[in-house]
Amino acid sequence: MTITADVASAAWAALAGVRDPELDEPITALKFVASCTVSPGGEAQVRLRLPTYFCAPNFAYLMVADAYDAVAAVPGVGRAEVILEDHFAADAINDGVAAQAGFVGSFTGEAIAELDELRAAFLRKAVMAGTDQVCRPLLAELQAAGTDPAALRSLSLGDVPPSPQLDRLRRRRADLGLPAGDESPLLIDPESGAVVSAEAVPLHLRRARVTRAGIEANTSICSGMLRQRYPSDPQ
Amino acid sequence: MYTKDGEKYFIVDSHMHFWNAAPDNWVPGAEQYAKGWIECFHAYQSLGPKETHWPIEKFQKYSEDDLMKDVFGDGHVDVAVFQPTYLKEWYAEGFNTTERNAALGEKHPGMFVANTRFDPRDGDAGLDELRRNVERYGSRGVKLYTAEWNNGSRGYKLSDPAAYRYLEAAQQLGIKNIHVHKGPTIWPLDKDAFDVSDVDHAATDFPGLNFIVEHVGLPRIEDFCFMATQEPNVYAGLSVVIGGLMHARPKFFAKVMGELLFWVGEDKMTFGSDYGIWEPKWQVEGFIDWDYPSDEFSDYPRVTTATKKKILGLNAARLYDIKVPDECQLPASSGTPAAKDDAQLVSDS
C-alpha cells in the first residue's frame with residue numbers, strides 16, 4: 001500500500017467518526033460520503049451528499065464542519081476540503097466551513113448562535129433512544145420474571161451485560177458530560193443527569209421507546225430517499 | 001366508500017393537493033429551488049409500491065382527470081381536503097393554491113373541502129386575503145407551512161406575535177382547523193426548525209381551534225407525541241406515515257402506529273394520502289388489511305375495525321362537519337370520533 005492510500009484509508013476511518021446528529025449514525029454508514037480522496041501532496045477532498053435538496057441546513061453544516069475537522073486532523077493530510085453537493089445551501093455551507101467562519105458567519109443575518117445547543121439537544125435524544133436499546137431486553141426478562149420494571153432504577157451501567165448498545169450509550173452520555181462509569185445509574189434524566197425517580201420510570205421508558213422509534217423511522221425514510229436520489233451508486 | 005369483509009368505511013382524505021410544479025411555473029432565477037422541491041417530493045413517491053410510481057413529467061403536473069380517477073375513481077375517497085402550499089418565491093402562480101384547488105372543487109360539489117392558508121409575515125394584506133378566501137370558498141381550515149420562504153425570511157413560528165394575530169383573525173372568520181406542516185428552515189436557522197413547541201403554545205392559547213400536525217411532526221415524532229398528550233386540541237395527521245412507511249418499512253410503520261395509538265389515541269389520528277405524492281388506493285386498502293406484524297408489538301394498543309374507520313374518515317368528518325352515511329357510522333360503544341377528551345393524558349406521576 002502506498003503512503004497516499006494509507007492516508008486516504010485513515011481519512012475514511014476518520015469520517016466514520018462523524019455522525020448525522022439527527023439520525024445518530026456515522027455518515028459513512030448512511031452513505032452520505034460520495035467520495036474521499038487524498039492527493040500525493042496530502043490534499044484531501046471529501047464529497048458529501050444528503051437524502052434531499054432541502055435537508056435542514058443546520059444539521060448539514062454540522063456534518064460538513066465535523067467532516068472537515070476529522071479529515072484535517074489525519075496525519076499526512078496537509079489541506080482538507082469538504083464539498084456538500086446538490087443542496088440548496090451548499091455554497092453558504094461549503095464556503096463557511098472552508099473559511100472556518102462558524103455557523104453564524106456562514107449564514108449572516110439568519111442565525112444568532114452556533115450549533116452547540118442543537119447538537120446537545122440531539123445527543124440527549126440519542127441518550128434516550130440508547131436507553132431503550134439497552135433496557136428493552138432487560139424489560140423482557142423482568143416481565144418474564146413478573147418483576148416491576150421500576151427495578152431497572154436500581155441498576156448501574158456496570159450491572160448491565162456488555163453490548164455494543166451499552167458502549168454507545170456510555171459514549172453519548174460522556175459526550176454530554178453525563179455520568180457514564182460502571183457505578184453510574186442506568187436510568188438518568190438526560191438534562192440533569194439525576195437518577196430517575198421510581199414513579200417516573202414508566203414514563204421515562206415510554207419516552208425512551210418513542211424517541212428510538214422516531215429516530216428509526218427517520219433513518220428509514222432518509223435511506224429510502226437517498227437510494228432514490230443516487231440510484232446508480234454502488235451501495 | 002370502501003367495503004371490505006362486510007364493513008363499510010367512509011373515507012376522508014384529509015391532506016391532498018392539486019399542484020403545478022412544471023417548468024412553465026418556475027420563477028426565473030429560482031429554478032433550482034422549484035426543481036429541488038418537486039424532485040424531493042418525487043423521491044418520497046418512491047417509498048410507495050413500484051406499480052404506483054409516476055414519471056417525473058406527470059408528477060410535476062398531473063391533470064384534473066388523473067386526480068379525479070386516482071382519488072375518487074380508484075382511491076375509494078368520499079371527501080378530499082385540499083391543503084394549499086404556495087411557495088410563490090419558487091412557483092410563479094404558486095405550487096398549490098386555494099384558487100387552483102377551488103376551481104377544481106367547484107366542478108365537483110360535495111367532493112372537496114377547500115382549505116386556504118395564511119402567512120403571518122404578510123401583514124394587513126395577508127389578513128385581507130385570508131378574509132376574502134374564507135368568504136369566497138367557505139374555508140373552515142388552513143394549512144400552514146412554517147418553513148416557507150418569504151421576502152428574505154426563511155420561516156416563522158406559530159408562537160410569533162404575528163402568527164397569533166392571524167390565528168385570532170382566522171378564528172373570528174370561522175376557521176376551526178389549523179393544519180401545521182413543519183419544514184427544514186426557520187428563523188433563526190440555528191434552532192431546530194422541526195421543533196413543535198410553538199404548536200404547543202398556540203394550542204394552549206387557542207383552545208377553540210384544532211391543531212392537526214401533519215406528518216405527525218416527522219422527523220420529531222417523539223416531541224409531537226408528548227405534546228399531543230398534553231393538549232386536547234392537537235391531532236395527528238398521518239400523511240407520510242402511511243405513504244412513506246407502510247409499504248417501504250413495515251416494521252417501523254408498526255412501531256410508529258403503535259406509539260401514536262398509545263400517546264395520541266385512535267380518536268385523534270386522521271388519514272391523509274398526500275396525493276399526488278402517493279395515490280390513496282394502496283394506502284386505504286393496505287391500512288384496512290393492516291395489523292401488527294408480530295408479537296413484538298403486543299405492548300401497543302390494539303387496532304380494531306373501529307380504529308380504522310375513525311382514522312380513515314370518521315375523525316376528519318367530525319372535524320369538518322362532513323355528513324357520514326348511517327351505514328358507515330360506528331355504534332355508540334365505539335366512542336366518539338375526534339373526541340378531545342378521549343386522548344390518553346399522560347402525567348409524570
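**Notebook: a sheet in chain B and the largest nonpolar core**

I began with a single pair and found that Ala80(B) stands opposite Phe112(B) in β5(B). The model is predicted, so I kept in mind that local features need pLDDT of at least 70 and side-chain atom pairs count only at pLDDT 80 or more, while totals for chains, interfaces and linings use all residues. Residues are numbered from 1 along each chain as its sequence is written, with chains lettered from A and ligands numbered from 1 in the order in which they are written.

I then looked up the strands (DSSP runs of E, at least two residues, numbered from the N terminus) and their pairing (at least two DSSP bridges between two strands). β4 of chain B, residues 79-82, is joined to the parallel β5(B) by 3 bridges. The open sheet has 3 strands in the order β3-β4-β5 (chain B), with parallel pairing. β3 (12-16) and β5 (112-114) of chain B each have a single partner strand, so one side of each edge strand lacks a neighbour in the sheet.

I turned next to the largest nonpolar core, a set of buried Ala, Val, Leu, Ile, Met, Phe, Trp, Tyr and Cys residues joined through C-beta atoms within 7 Å, where buried means 20 or more other C-beta atoms within 10 Å of the residue's own, with C-beta atoms placed from the backbone. Of its 170 residues, Ala11(A), Leu15(A), Ala60(A), Val64(A), Ala67(A) and Val71(A) touch the most other members. I noted that helix α2 (residues 57-72) of chain A, a DSSP run of H or I with at least four residues, gives the most to this core, with 11 residues.

Conventions. A residue is buried if 20 or more other C-beta atoms lie within 10 Å of its own, exposed if 12 or fewer, and partly exposed in between; C-beta atoms are placed from the backbone.
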